[in-house]
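Me: I've got a new model open on my screen and I'd like to learn how to read it. Could you walk me through it, feature by feature?

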Amino acid sequence: MLILDKDNIIYSSGISYTIYNHFTKDKKVLFSKDKGGIAAIAVHPSKKYFAVAEKGVWPRIYIYEYPSLKLYRVMRRGTEKSFSSISFSHSGDMLASVGSNPDYMLNVWDWKQEQTILRAKAFSQEVYRVTFSQFN
């Protein structure tokens with residue numbers, strides 16, 4: 001569960017993710033574009049965007065504008081089957097993702113350009129969280 005703004009949170013469950021207003025109790029349920037499920041979600045530091053990493057064959061990371069929910073950018077070929085974690089940098093300029101079995105690939109993205117800055121094998125076992133240093 002992540003905070004989108006003072007009224008709304010976002011969370012995932014299976015093949016969907018939900019934007020929930022905790023004051024009005026309204027819910028917007030959105031579904032996986034790749035039909036494999038939702039692997040991870042990250043909110044941009046400005047709260048103007050959020051990212052949804054999916055599961056499936058060569059899943060994508062979708063970046064949406066908030067609150068319009070307009071699709072803004074798509075990151076492709078970051079991992080073979082599923083992402084285990086994604087995170088925006090503190091400045092919001094970069095996005096990090098780490099894949100799960102079988103490749104465990106770490107990617108640092110220039111997400112506005114939809115390009116990979118760095119791609120490396122993260123480890124040979126599951127990595128549960130990727131994050132940027134606050135001093136970077």
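Reply: Sure, and let's begin with charge. This is a predicted model. The chain has 19 positive and 12 negative charges, and the mean positions of the two sets lie 2 Å apart.

Me: What secondary structure does the chain have, and how many strands are there?

Reply: Twelve strands and zero helices. Going along the sequence, the pattern is simply β-β-β-β-β-β-β-β-β-β-β-β. The radius of gyration is 14 Å, close to the 14 Å that the globule rule gives for 136 residues, so the chain is as compact as a globular protein of that length. If you want dimensions, the C-alpha trace spans about 45 × 35 × 25 Å along its principal axes.

Me: And what share of the residues is buried?

Reply: Buried residues are 43% of the 136. On the outside, the chain exposes about 7700 Å², with carbon and sulfur atoms supplying 51% of that. For contacts with a separation of 6 or more, 36% come from residues 24 or more positions apart.

Me: Now the sheets. How do strands of a sheet pair?

Reply: The general idea is that they pair through backbone hydrogen bonds, in a parallel or an antiparallel way. Here, four strands make an open sheet, ordered 1-2-3-4, with antiparallel pairing. Strand 1 (2-3) and strand 4 (27-31) are at the edges with a single partner strand each, so one side of each has no neighbour in the sheet. Inside that order, strand 2 (residues 8-13) and strand 3 (residues 16-21) are joined by six bridges. For one pair to click on, take S12, whose bridge partner in strand 3 is Y17.

Me: Which strands pair with strand 6?

Reply: Strand 5 (residues 38-43) runs antiparallel to strand 6, with five bridges between them. Strand 7 (residues 61-65) is also antiparallel to strand 6 and is joined to it by five bridges. A53 is a handy marker: A40 stands opposite A53, and so does I61 in strand 7.

Me: Is strand 6 enclosed or open?

Reply: Enclosed, largely: six of the six residues in strand 6 (residues 49-54) are buried, so the rest of the structure covers most of it. To read the faces, follow the side chains: Y49, A51 and A53 point one way, F50, V52 and E54 point the other way, and all are buried.

Me: What do the turns on either side of strand 6 look like?

Reply: Both belong to hairpins. Five residues separate strand 5 from strand 6, and K47 in that turn has a positive phi of about 70 degrees. Six residues separate strand 6 from strand 7, and there G56 has a positive phi of about 140 degrees.

Me: Let's stay with K47. Which residues does K47 touch?

Reply: Leaving out residues up to four places away in sequence, K47 touches I3, L4 and Y66. K47 is partly exposed, at 36% relative accessible area. For a sense of distance, K47 and D93 are 46 residues apart in sequence and 13 Å apart in space, C-alpha to C-alpha.

Me: Can we finish with S87: is S87 buried or exposed?

Reply: The cut-off for buried is under 20% relative accessible area. S87 has 12%, so S87 counts as buried. You'll find S87 in strand 9 (residues 83-88). Setting aside residues up to four places away in sequence, S87 touches A42, M94, L95, A96, V130, T131 and F132.

Conventions:
Residues numbered from 1 in each chain as written. Predicted model: local features only at pLDDT ≥ 70, side-chain atom pairs only at ≥ 80, totals over all residues. Heavy atoms only, no water. Pairing = 2+ DSSP bridges. Helix = DSSP H or I, 4+ residues; strand = E, 2+ residues; numbered from the N terminus. Buried < 20%, exposed > 50% of the residue type's maximum accessible area, 1.4 Å probe, protein only. Contact = heavy atoms within 4.5 Å. Rg over C-alpha atoms; globule rule 2.2 N^0.38 Å. Areas by Shrake-Rupley, 256 points an atom, 1.4 Å probe, with all protein chains shown as cover. Lys, Arg positive; Asp, Glu negative; His and termini not counted. Charge placed at Lys NZ, Arg CZ, Asp CG, Glu CD.
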